[in-house]
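Let's walk through this structure together, starting with its charges and then stepping back to the overall picture.

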Amino acid sequence: MENNVSNEMNQVEINIHDEIVAELFLNQVVKDFKKGKILEEIDQSLKNKDKANYY
């Protein structure tokens with residue numbers, strides 16, 4: 001019985017760890033995507049010499 005409780009606790013800890021890792025990964029992917037979009041907009045503005053977008 002005690003071994004069962006220990007195994008269940010370990011599984012809960014693993015699930016929480018997996019959830020945290022997945023959330024960190026998704027946050028990084030979203031951050032990288034947003035950064036990429038901003039850099040694309042900057043490049044496009046520079047290409048168009050669109051100074052109005054800088055202020």
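**A charged pair and a nonpolar patch**

A single salt bridge is present in the structure, and the model you are looking at is a predicted one. Which residues form it? The partners are Lys37 and Glu40, with their closest N and O atoms 3.7 Å apart. That separation fits the criterion, because a salt bridge calls for a side-chain nitrogen of Lys or Arg within 4 Å of a carboxyl oxygen of Asp or Glu. In general, side chains of opposite charge can pair when their charged atoms come close.

The sequence positions help to explain the pairing. Lys37 and Glu40 lie three residues apart in helix α1, so about one helical turn separates them. How accessible are the two partners? Lys37 has 38% relative accessibility and therefore counts as partly exposed; Glu40, at 48%, also counts as partly exposed.

Now follow the helix to another feature. Helix α1 spans residues 2–48, and Ile20 sits within it. On the surface, Ile20 joins Val12, Ile16 and Leu24 in a nonpolar patch, and together these residues have about 370 Å² of accessible area. Ile20 itself is partly exposed, because its relative accessibility is 46% and that class lies between under 20% for buried and over 50% for exposed.

Finally, take in the whole protein. Its secondary structure consists of one helix and zero strands. Of the 55 residues, 2% are buried. The protein exposes about 5500 Å², with carbon and sulfur atoms supplying 59% of that area.

Terms used:
Residues numbered from 1 in each chain as written. Predicted model: local features only at pLDDT ≥ 70, side-chain atom pairs only at ≥ 80, totals over all residues. Heavy atoms only, no water. Patch = residues over 30% accessible without salt bridge, like charges linked within 9 Å, V, L, I, M, F, W, Y side chains within 5 Å. Areas by Shrake-Rupley, 256 points an atom, 1.4 Å probe, with all protein chains shown as cover. Helix = DSSP H or I, 4+ residues; strand = E, 2+ residues; numbered from the N terminus. Buried < 20%, exposed > 50% of the residue type's maximum accessible area, 1.4 Å probe, protein only.
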